[in-house]
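Thanks for coming, everyone. Let me put the structure up, and then we'll walk through it piece by piece.

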Amino acid sequence: MVKKTIAVIGDTGKFCPALTKAAVQQDLRLLFISHNEEVVSKVKAQLEELKKPTEVEFISCEKEGCWEAEIIAFTRPEEIEPVLFERIRQVSTQKTVVVISHRPVKTSEHEKFCFQELLPHSRLVELEIKGSEFRVFGRNLEANQYVQEFFEAAGYQQK
């Protein structure tokens, strides 16, 4: 049986433990996408500290990684290069795209990118995490529900 895959794009920072915990509990595969070897080294070190058995892979090609994944997670949306959307637009069609932030979602932050316009055929969910609480924003109720259940399984509480 093939495991569902979550592609994680960006410096994962504090999200790695939550994603790993949820991936283990839900038998999912994590695919970290980064061109930055320093980031890859930090994530590998975090995963080793957790000592959690889950399937984890590292790749540098966004298009290939997003093609493999059922869910695409952006962990540092403010650092996304506009050209990235061109590379993944076709392979993200009908997939759940989660935009994760540790700060309250503000209109000014999203004036830079309107994710739904840049990935019009994806099921966009914006997720705000503060401490152990989260809030989900998005138009697709099914995608919102899935993301909510995913983070609740990782021990987060919905605000």
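Start with Thr 5. Is Thr 5 buried or exposed? Remember that this is a predicted model. The relative accessible area of Thr 5 is 3%. Buried means under 20%, so Thr 5 counts as buried. Thr 5 lies in strand S1. Its side chain makes a polar contact with the side chain of Arg 29, at 3.0 Å. Beyond its close sequence neighbours, up to four places away, Thr 5 touches Arg 29, Leu 31, Glu 68, Ala 69, Glu 70 and Ile 71.

Now zoom out to the sheet. It is open, with 8 strands. Read the order as S3-S2-S1-S4-S5-S6-S7-S8. The pairing is mixed. At the edges sit S3, residues 55–59, and S8, residues 157–158. Each of these two pairs on one side only.

Look at S6 and S7. They run antiparallel, paired over 5 bridges. Glu 128 is opposite Arg 135 in S7. Helix H7, residues 141–153, packs on the sheet. H7 touches S1, S4, S5, S6, S7 and S8. Its direction makes about 35° with that of S6.

Next, the cores. In soluble globular proteins, nonpolar side chains tend to be buried together. Here the largest nonpolar core has 25 residues. Which residues have the most contacts inside it? Ile 6, Leu 127 and Phe 151. H7 gives the largest share of this core, 4 residues. There is also a second, separate core of 19 residues, including Ala 7, Cys 66, Val 91 and Val 97.

Note on methods
Residues are numbered from 1 along each chain as its sequence is written. This is a predicted model: local features need pLDDT of at least 70, side-chain atom pairs count only at pLDDT 80 or more; totals for chains, interfaces and linings use all residues. Side-chain values use heavy atoms; hydrogens and water are left out. Two strands pair if DSSP finds at least two bridges between them. Contact means heavy atoms within 4.5 Å. Axes are lines fitted to C-alpha atoms, for helices over the stretch in contact, and angles run from 0 to 180 degrees between N-to-C directions. A nonpolar core is a set of buried Ala, Val, Leu, Ile, Met, Phe, Trp, Tyr and Cys residues joined through side-chain atoms within 4.5 Å. Buried means under 20% relative accessible area, exposed over 50%, partly exposed in between (1.4 Å probe, protein chains only). A polar contact is a pair of N or O atoms within 3.5 Å; within protein, one must be able to donate a hydrogen and the other to accept it, and residues adjacent in sequence count only if both atoms are side-chain atoms.
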